[in-house]
Amino acid sequence: MSAVKKPDDEIPGDVELLLPWHAAGTLNRRDAARVEQALANDNELAARYERVREELGEAIRVNESLGAPSARAMEALFAKIDAEPARQSKASFNLAARLAGFMSGFSPRTLGYGAAAAALAIVLQAGLLAGMFVKQGQVGGYTTASMSESGAGAFVSVRFKPEATAADIGQFLSSNKAVIVDGPVAGSGMFKLRVAQRVLSDRELDAVVKAMAASPVIGFAAAVR
Amino acid sequence: MSTNPATSDEVLIGRIANGDRLAMQVLFARHHVRVFRFVLRLVRNEATAEDLISEVFLDVWRQAGKFEGRSAVSTWLLAIARFKALSVLRRKPEQELDDEVAAAIEDDSDTPDVTLQKKDKGDAIRKCLGRLSAEHREIIDLVYYHEKSVEEVAGIVGIPEATVKTRMFYARKKLAELLKAEGIERGWP
């Protein structure tokens, strides 16, 4: 007897409830595997899944038959946008300071301490940096770190201490005028920082590394040559 | 190199937050048809739906700086659209609503003769999809057409994930009942 046969008013099991999402391809890998396995072992469920697929196809057809809005919608939108107060353009931005401010808004509990939490905070920070650079570099026409990071510069590889909070790291980047350009490296948790726009001499770079290594948020620092 | 649409949408939102009209145009071009269709299925009036989509994207223009990226941009758009559509529906007098719903049902229905002649099961399914309640139509559309996950539907509709699953089940059950009444027995649900 099939495991999915139920009286009319009974809610079926989770796998059967997920069939519409499986048909639409919006399940995560684990749930999709669960459904696939159940379908392979249950002919009745597989028959019901075919009905779901049938509904999916017709629901798409219904929606596709609805057509599209006229140009009036876009005209109305931009007329309203034009009537909006002018948005203040950012003449400059201090990314690291903004980042530090942003990060300091989180409680220690939110950010978490320890290696894993710190790594997550850095990943968040790296994503934020990328987003800000893309947003500001391309809209305002400024020269941003991201736009010049592929060119010449001086780089240092660092590992942040597990107890360093994201706000600490933002402050560290700000005070050292450094930008994360890569990382974390799987296994080592190392990040590559750009510490200068130009190539530094070995002596200059060593001095930067030494200063960074002395920071309470840095566990390890080395020059990238 | 392939482009990740979700990432691109977020980049656009970032630009819109900085007042980039071109980014707004791109985002509008990318999503306005789906948002329009979603709203149209709720309000069942094209002029109202068109008015609403300009309102939805105006909200995006105003709120882009506050977008936190916790959901996909398309999910955010549908959540705004749904809120605005329901606001419009709430503002309409009951009588007007009833008339519209009645008209819609009438439009979607077939005479018995036509039903008898109907051989295309797909056509019958589409007709019955149109006769579902707004709540059931909404969840069917979100899952099947807008390709929203359980979690995303829960976010858009504002109900628990477990309720999303059961609501979808009951929507499909109702669809099966409507089809049965049309003479199409598909089994349960």
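Is B:Tyr170 buried, partly exposed or exposed? At 34% relative accessibility, B:Tyr170 counts as partly exposed. The views below show a predicted model.

**View 1. Aromatic pairs.** Over all chains there are three aromatic pairs. In one of them, the ring centres of B:Phe67 and B:Trp76 lie 4.7 Å apart. Their planes meet at 40°, so this pair is tilted. B:Phe67 and B:Trp76 are both buried. B:Phe169 and B:Tyr170 also pair, edge-to-face. Here the distance is 5.3 Å centre to centre, with 65° between the planes. B:Phe169 has 4% relative accessibility and therefore counts as buried, whereas its partner B:Tyr170 is partly exposed at 34%.

**View 2. Charges over rings.** In chain A, A:Lys192 lies over the face of A:Phe155. The distance to the ring centre is 4.5 Å. In chain B, the charged end of B:Arg34 sits over the ring of B:Tyr145. That ring's centre is 4.4 Å away.

**View 3. B:Leu175 and its contacts.** B:Leu175 belongs to helix α10 (residues 161-181) of chain B. With a relative accessible area of 0%, B:Leu175 is buried. Neighbours within four places in sequence aside, B:Leu175 touches B:Ile125, B:Cys128, B:Leu129 and B:Leu132, as well as A:Glu55 from chain A. B:Arg131 is 44 residues from B:Leu175 in sequence. Their C-alpha atoms are 8.5 Å apart in space.

**View 4. Helix α3 of chain B.** This helix has 18 residues (residues 46-63). At 1.5 Å a residue it should span 26 Å, and its end C-alpha atoms are 25 Å apart, which agrees. B:Asn45 caps the N-terminal end of α3(B). A side-chain oxygen of B:Asn45 lies 3.1 Å from the backbone nitrogen of B:Ala47. The buried residues of α3(B) include B:Leu52, B:Ile53, B:Val56, B:Phe57 and B:Trp61. Polar and charged side chains are also among them, including B:Thr48, B:Glu50, B:Ser54 and B:Asp59.

**View 5. Nonpolar cores.** The largest nonpolar core has 77 residues. Those with the most contacts inside it are B:Ile13, B:Met24, B:Val35, B:Phe57 and B:Ile140. Helix α2 (residues 21-43) of chain B gives the largest share of this core, eleven residues. Beyond its neighbours within four places in sequence, B:Val35 is in contact with B:Ile53, B:Val56 and B:Phe57. B:Leu77, B:Leu78 and B:Ala81 are further contacts of B:Val35. Another core, of 21 residues, lies apart from the largest one. Among its members are A:Val158, A:Ala164, A:Ile169 and A:Val195.

Methods. Residues are numbered from 1 along each chain as its sequence is written. Chains are lettered from A and ligands numbered from 1 in the order in which they are written. This is a predicted model: local features need pLDDT of at least 70, side-chain atom pairs count only at pLDDT 80 or more; totals for chains, interfaces and linings use all residues. Side-chain values use heavy atoms; hydrogens and water are left out. Rings of Phe, Tyr and Trp (its six-membered ring) pair if their centres lie within 6.5 Å; planes under 30 degrees apart count as stacked, over 60 as edge-to-face and the rest as tilted. Buried means under 20% relative accessible area, exposed over 50%, partly exposed in between (1.4 Å probe, protein chains only). A charge sits over a ring if NZ of Lys or CZ of Arg is within 6 Å of the ring centre and within 35 degrees of the ring normal. Helices (H or I, at least four residues) and strands (E, at least two) are DSSP runs, numbered from the N terminus. Contact means heavy atoms within 4.5 Å. The expected span of a helix is 1.5 Å times one less than its number of residues. A polar contact is a pair of N or O atoms within 3.5 Å; within protein, one must be able to donate a hydrogen and the other to accept it, and residues adjacent in sequence count only if both atoms are side-chain atoms. A nonpolar core is a set of buried Ala, Val, Leu, Ile, Met, Phe, Trp, Tyr and Cys residues joined through side-chain atoms within 4.5 Å.
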